[in-house]
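Here is a friendly note to read alongside the model. Keep the 3D view open as you go through the points.

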Amino acid sequence: PKSRTVWYRTPSRYRMAQDETGAPAFYAYRDASARLDRHDFVLEPLDNEENEFTLVILADPQCQSDFDVNRLRTETIPDVGRTLDEGIGSGRYSANVYGVGLGDIIYDNFDIWAPMHELFRSVSWSGGKMPVYNIPGNHDHSNKVTNAYDAIDNYIRWFGPQDYSFDRGKVHFVMMDNIIFTGTQPDNEQKPWNNCLYVSGFTDEQMEWLQQDLALVDGKEDKLVVFCTHSPFRQGAETGGGNVNYGRHYDDVLSALTAFKSAEILIGHTHYPETYIHKDYVCKGGGAIREHVFGSVCGAWWHANICVDGTPNGYAVYQVGGTAFTDEVARFTGQPETLQMRVYDGNQVYDGTKGVEFKWEEDLKGKFIATVWYANPEDWKIEFIQDGVVYPMQQVTRRQRDWCCYSYF
């Protein structure tokens, strides 16, 4: 009786259905008051199974005001279209294009649902509209209610089910909400948009659904699973919303993903990029689960053009072939693809706007310093080449400020 949607898992050999606006059309809303509540879906077969496709990844648009919405409309969405036109036109990207939204569509302002619903249906390129498959983030849960069921109601009414799956070629996509609502914060006049109280993880009911969903996937040992959710797993946590909590099915979910040939986790939430390798969770193909944490579409909440660590705001475009990501590129809104790092002379001294002097720590003086966004220290080799001479780079493992974007208050 509490079910709000009915949906089907699109099989690999069938087209991803879209409605007249370009939105995914794999679900319908239930009318709990009707004596007969019937929904018919038509599946259109594909001539060839899509073993190659393009995946556009959008994390944390997080719009709170009309100003934010307008920046998304006039900056990000046209940039995605240009990127797809260039990549598909050159033959680099497949014309089979799908979008994945990783949560925090809005920023606690529920008047923003309607324009965001419209914008997510307007992501297009010259070949058509890109369907975007979303999951909710913490800011998509209502802070005006007292229970988890009502907290997610607005999201479901505008964007559909919070947990679902679909198949493309040899890839099984799982989309899940990992924000567990625990209550509402008291009103705060200094912060009119109050986030709800929550922890990160999965309920027993969600875990049961995931196990049943994965059980229906034939030949998992020869397939890739792409698991999309909002808050990171990374090293886990005892409580809180920063990482999936150990007691909220952290191990259960990761262990279930190892039944596949390979597994990739796509994450938002942090507003800065990170690659995390789960070395203790090895898939059937011999590789560990990789977790991709993406910088945000909104950057530092639309106040500038950078994320909280200095990474430019933007999105990512991945090419998927067979059971692997064959091309992974971070794209920064309004910037050429060649922009992938920021470099410094360790002797540089920066003057702050309030007369404060900033400079690198003593052991970095005289060094060539590179902030390489989306770098993966496990798989990447980063070198500095000058006048034909190759100098190996050593990762700075302690936290550093990026003086290009550091704010002093």
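The points below cover one strand with its neighbours, and then the cavities.

1. Before we start, note that this is a predicted model, where local features need pLDDT of at least 70, side-chain atom pairs count only at pLDDT 80 or more, and totals for chains, interfaces and linings use all residues. Residues are numbered from 1 along each chain as its sequence is written, and side-chain values use heavy atoms, with hydrogens and water left out.

2. Look at strand β16, residues 314-321 (strands are DSSP runs of E, at least two residues, numbered from the N terminus). Eight of its eight residues are buried (under 20% relative accessible area, 1.4 Å probe, protein chains only), so β16 is largely enclosed by the rest of the structure.

3. Which strands pair with β16? Strand β3 (residues 52-58) does so in the antiparallel sense over six bridges, with E52 bridging to G321. Strand β17 (residues 324-332) is also antiparallel to β16, over eight bridges, and here Y318 stands opposite E328. Pairing requires at least two DSSP bridges between the strands.

4. In the hairpin of β16 and β17, two residues lie between the strands, and G322 has a positive phi near 65°.

5. Now the cavities: sets of points on a 1 Å grid over the protein atoms alone, where a 1.4 Å probe fits but cannot get out. The largest holds about 80 Å³ of space, a volume being the space filled by probe spheres set on the points, which are joined across faces, edges and corners. Its lining (residues with an atom within 4 Å of a point) includes L58, L72 and F120.

How values were computed: Buried means under 20% relative accessible area, exposed over 50%, partly exposed in between (1.4 Å probe, protein chains only). Helices (H or I, at least four residues) and strands (E, at least two) are DSSP runs, numbered from the N terminus. On a 1 Å grid over the protein atoms alone, a cavity is a set of points where a 1.4 Å probe fits but cannot get out, and a pocket is an open set with protein on both sides within 12 Å along at least five of seven lines; lining residues have an atom within 4 Å of a point.
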